[in-house]
Amino acid sequence: MNDARNNILAIASGKGGVGKTWLAVTLAHLFARSGRHVLLFDGDIGLANVDVQLGLTPQRDLSNVLSGRHTLSEAVTPYPEGGFDIIAGRSGSASLASMPMEKLESIAAGLTELQKNYDFVIVDLGAGIEQHVQYLASLAARCLVVVTDEPTSLTDAYAFIKIALSGKHKPTTGIVVNQAATQKEGEATYHALNKACVNFLNLSPPLMGIIRRDNKVKDSIRSQKSLLTKAPHSTAATDAALLSIKLMQK
């Protein structure tokens with residue numbers, strides 16, 4: 001893996017609705033609280049919602065960059081409440097899937113240049129296994145795949161990992177189980193996915209963290225606040241903090 005990508009962390013999921021964007025936002029806030037300089041990049045331009053979850057209305061976003069009106073660095077928006085920066089997508093605009101590859105490559109080049117200014121760049125990928133999602137994932141040294149105990153989440157996560165393995169640049173992949181009823185149930189969800197990976201891919205992606213189900217998460221999203229602002233001592237915040245420590249140690 002190219003050393004230039006060592007501080008890029010992708011957050012992926014096979015399907016939507018598993019809490020991927022929430023985790024990306026929460027990790028960005030946790031890293032920033034630990035004194036790291038962090039950029040959160042919303043890589044799901046057609047269904048972008050990082051800015052929505054944080055109650056932000058950026059002057060510039062990724063659609064301005066793709067149209068050629070601004071550079072990627074000019075689209076950086078500070079989020080003072082969390083102490084980190086974001087590059088927002090634009091919900092309802094053209095999907096990255098419909099973008100020509102040269103535009104995606106231009107975004108990748110800008111992101112690789114920007115990452116030199118940060119300790120961590122977190123890329124919130126679009127859900128699914130499409131080519132543009134895999135392309136953005138390949139920019140990262142590490143990729144967290146977020147799953148829940150829903151069968152479709154597990155099968156789609158497996159499909160994502162399988163395709164990621166076939167790419168030229170293979171990020172180191174780890175699993176995060178979200179919305180687990182208990183720690184034990186979270187472990188069972190991980191083992192179900194890991195068993196498929198071992199049997200069919202000859203790979204055992206490590207379990208990086210289990211985030212237990214917590215109604216405070218929904219409350220924070222409804223109020224367009226980071227969970228660390230709304231409920232910093234909640235169960236989910238505590239679990240996410242353990243994950244962030246593990247990631248920073250690595």
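The crossing of helices H1 and H10 is right-handed in this predicted model. The axes of H1, which covers residues 20-33, and H10, which covers residues 235-249, come within 10 Å and cross at roughly 65 degrees. Since angles of 65 to 115 degrees count as roughly perpendicular, H1 and H10 are therefore assigned to that class of mutual orientation, being roughly perpendicular to each other. On the side of H1, the contact is made by Trp 22, Leu 23, Thr 26, Leu 27, Leu 30 and Phe 31, and on the side of H10 by Ala 236, Ala 240, Ala 241, Leu 243, Ser 244, Leu 247 and Met 248. By residue class, this contact of H1 with H10 comprises 11 nonpolar and 2 polar residues, with no charged residue taking part.

Helix H10 itself has 15 residues, and its span from the first C-alpha to the last is 22 Å, close to the 21 Å expected at 1.5 Å a residue. The buried residues of H10 are Ala 236, Ala 237, Asp 239, Ala 240, Leu 243, Ser 244, Leu 247 and Met 248. Among the residues that H10 contributes to the contact with H1 are Ala 236, Ala 240, Leu 243, Ser 244, Leu 247 and Met 248, and these are also among the buried residues of H10. Thr 235, which likewise lies in helix H10, is partly exposed, its relative accessible area being 32%. When residues up to four places away in sequence are not counted, Thr 235 touches Arg 212 and Asp 214. Thr 235 and Ile 211, although 24 residues apart in sequence, are separated by 8.0 Å in space, C-alpha to C-alpha.

A second helix pair is formed by H6, residues 151-165, and H7, residues 183-201, whose axes come within 10 Å and cross at roughly 40 degrees. An angle of this size lies outside the ranges for roughly parallel, roughly antiparallel and roughly perpendicular axes, and H6 and H7 are therefore oblique to each other. The crossing of H6 and H7 is right-handed. Residues Leu 154, Ala 157, Tyr 158, Ile 161, Lys 162 and Leu 165 of H6 meet Thr 189, Ala 192, Leu 193, Ala 196, Cys 197, Phe 200 and Leu 201 of H7. The residues of this contact between H6 and H7 divide into 11 nonpolar, 1 polar and 1 charged. Helix H7 also holds Asn 194, a residue that counts as buried at 12% relative accessibility. With residues up to four places away in sequence left out of the count, Asn 194 touches Leu 203, Ser 204 and Pro 205.

Positive phi values were also examined. Gln 179, a residue other than glycine, has a positive phi near 60 degrees; the place of Gln 179 is in strand E7, which runs over residues 172-180. At a relative accessibility of 31%, Gln 179 counts as partly exposed. Gln 224, also not a glycine, has a positive phi of about 55 degrees, and is placed in the loop between helix H8 (215-222) and helix H9 (227-230). The relative accessible area of Gln 224 is 36%, so that Gln 224, too, is partly exposed.

Technical notes. Residues are numbered from 1 along each chain as its sequence is written. This is a predicted model: local features need pLDDT of at least 70, side-chain atom pairs count only at pLDDT 80 or more; totals for chains, interfaces and linings use all residues. Side-chain values use heavy atoms; hydrogens and water are left out. Axes are lines fitted to C-alpha atoms, for helices over the stretch in contact, and angles run from 0 to 180 degrees between N-to-C directions. Helices (H or I, at least four residues) and strands (E, at least two) are DSSP runs, numbered from the N terminus. Angles under 35 degrees count as roughly parallel, over 145 as roughly antiparallel, 65 to 115 as roughly perpendicular and the rest as oblique. A crossing is left-handed if the near helix is turned anticlockwise from the far one by less than a right angle, and right-handed if clockwise. Contact means heavy atoms within 4.5 Å. Ala, Val, Leu, Ile, Met, Phe, Trp, Tyr, Cys and Pro count as nonpolar, Asp, Glu, Lys and Arg as charged, and the others, Gly among them, as polar. The expected span of a helix is 1.5 Å times one less than its number of residues. Buried means under 20% relative accessible area, exposed over 50%, partly exposed in between (1.4 Å probe, protein chains only).
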